[in-house]
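These are my notebook entries on one structure, written down in the order in which I looked things up. I begin with a helix and then turn to charged residues.

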Amino acid sequence: MIKVGVIRGGPSAEYDISLATGERILSVLRAEPLYNIYETIDILISKDGLWHSKGFEVEPERIARNVDVVINAMHGAYGEDGKVQQLLDNLHIPYTGSGAFASALGMNKGLSKDEFHRMGIRTPRHILFHSYDVNLDGNITEYSHRKAREAWEFLPPPWIVKPVFGGSSLGIYVCKKFEDLENAFLLGANTHTAVLVEEMIEGKEASVSVIENFRGKELYTPPPIEIRLEDGKKCFDYESKYDGSMHLICPGKFARDDIMELERMAKLIHKEMNLRHYSQSDFIVSPKKGIYALEVNTLPGLTLHSLFPRSIEDVGSSMSEFVDHIINLALHK
């Protein structure tokens, strides 16, 4: 049997989501039709970065001697920013998902936007701010006021404020007035997070999945998912993702030309950023301004509430087919 290590957890704010993604992957591997093909090894990385297997703390080098391939079910810092990928590369362990450099690039929203520009894909105008440092920036309240004014002078309201690094829509704020912007900077400064402020584009939000070498295509894209929020919600935030307040329409109700363009852009992002195995790109489709790329996810969530599983299940595939597929991609790279 092929020994599959499933790495989950990790020292990021997305620890719980990573646990849920990992748990679903483990349950798929331990059920029909995969349970007699793969032997699973649950690898938990604690919030302080320690590796555990079967309830015991272990060194990564020991894991390397006991697995044939690793499924990376982590999200956020360490698991999605290239660090664990570099470690697995050094240990010569095949793993699912993008490599170290591509992961680091995709995790950084500022650098991702630079890549979108290079590809000729529009993305909302934005301004970047380094993480708060008391020794450089002084009083935190004065810092927040000063940076909010810089953003206000650069972009007209409303604004979307988000951390430069991280996923699961954590730490996102919709700001309509200057005081909102100040408060967003204050909250971001308290977490010592680099901040990106971008113009808010009104329109339909779309998510497009990409899978390599699937269904006879080099890059396969299920139909784009349209994300609709409950009344009063202005953005697709963490709560919307996991509290059931979002409404997913798959396939999304987009014009045919928009669907073709969304799929083209998602494939282009995957290819040009040298992503691997699978990815998910998020867009805004504005009725007046066209399509804008927001960000790319190199390790999309695979929980019961995640978009990626929904996209493949709605085209007649399944999590078992997908998990089996990415394992084989990793083993035969």
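Entry 1: a helix and its surroundings

Is helix 4 (residues 100-107) largely enclosed by the rest of the structure or largely open, and why? Before answering I note that I am working with a predicted model. I looked up the eight residues of helix 4 and found that six of them are buried, so the helix is largely enclosed by the rest of the structure. The buried residues are Ala100, Ala102, Ser103, Leu105, Gly106 and Met107. I then asked what covers these buried residues, and the list includes helix 3 (83-90), helix 5 (109-119) and strand 15 (290-297).

Entry 2: one residue of that helix

I chose glycine 106, which lies in helix 4, for a separate look. Its relative accessibility is 9%, and because buried means under 20%, glycine 106 counts as buried. Which residues does glycine 106 touch, not counting residues up to four places away in sequence? I found Ser112, Met273, Val296 and Thr298. For valine 296 I also looked up the separation from glycine 106: the two residues are 190 residues apart in sequence, and yet 6.1 Å apart in space, taken from C-alpha to C-alpha.

Entry 3: patches of charge on the surface

Next I looked for surface patches of charge, and I noted a positive one that is formed by Lys3, Lys54, Arg62 and Arg65. From this patch I picked lysine 54, which is found in the loop between strand 3 (51-53) and strand 4 (56-57). Lysine 54 has a relative accessible area of 76% and is therefore exposed, since exposed means over 50%.

I also noted a negative surface patch, formed by Asp48, Glu57, Glu59 and Glu61. Here I picked glutamate 59, found in the loop between strand 4 and helix 2 (60-64), and with a relative accessible area of 51% this glutamate is exposed too.

Entry 4: salt bridges

How many salt bridges does the structure hold? The count I wrote down is 15, and I followed some of them one by one.

In one of these, the side chains of arginine 24 and glutamate 313 meet at 3.1 Å, N to O. This pair links distant parts of the chain, with arginine 24 in helix 1 (residues 15-29) and glutamate 313 in helix 11 (residues 307-313), 289 residues apart. Arginine 24 is buried, with a relative accessible area of 16%, whereas glutamate 313 is partly exposed at 34%.

Another salt bridge joins arginine 118 and glutamate 272, whose closest N and O atoms are 3.3 Å apart. Because arginine 118 lies in helix 5 and glutamate 272 in helix 10 (residues 256-272), the pair ties together parts that are 154 residues apart in sequence. I found arginine 118 to be partly exposed, with a relative accessible area of 47%, and glutamate 272 counts as partly exposed at 36%.

The salt bridge of lysine 177 and aspartate 180 has its side chains meeting at 3.4 Å, N to O. Lysine 177 is partly exposed, with a relative accessible area of 46%, and aspartate 180 counts as partly exposed at 25% relative accessibility.

Which residues are linked in a network of salt bridges? My last note of the day records Lys113, Lys162, Glu198 and Glu295 as linked in such a network.

Note on methods:
Residues numbered from 1 in each chain as written. Predicted model: local features only at pLDDT ≥ 70, side-chain atom pairs only at ≥ 80, totals over all residues. Heavy atoms only, no water. Buried < 20%, exposed > 50% of the residue type's maximum accessible area, 1.4 Å probe, protein only. Helix = DSSP H or I, 4+ residues; strand = E, 2+ residues; numbered from the N terminus. Contact = heavy atoms within 4.5 Å. Patch = residues over 30% accessible without salt bridge, like charges linked within 9 Å, V, L, I, M, F, W, Y side chains within 5 Å. Areas by Shrake-Rupley, 256 points an atom, 1.4 Å probe, with all protein chains shown as cover. Salt bridge = Lys/Arg side-chain N within 4 Å of Asp/Glu carboxyl O. Lys, Arg positive; Asp, Glu negative; His and termini not counted. Charge placed at Lys NZ, Arg CZ, Asp CG, Glu CD.
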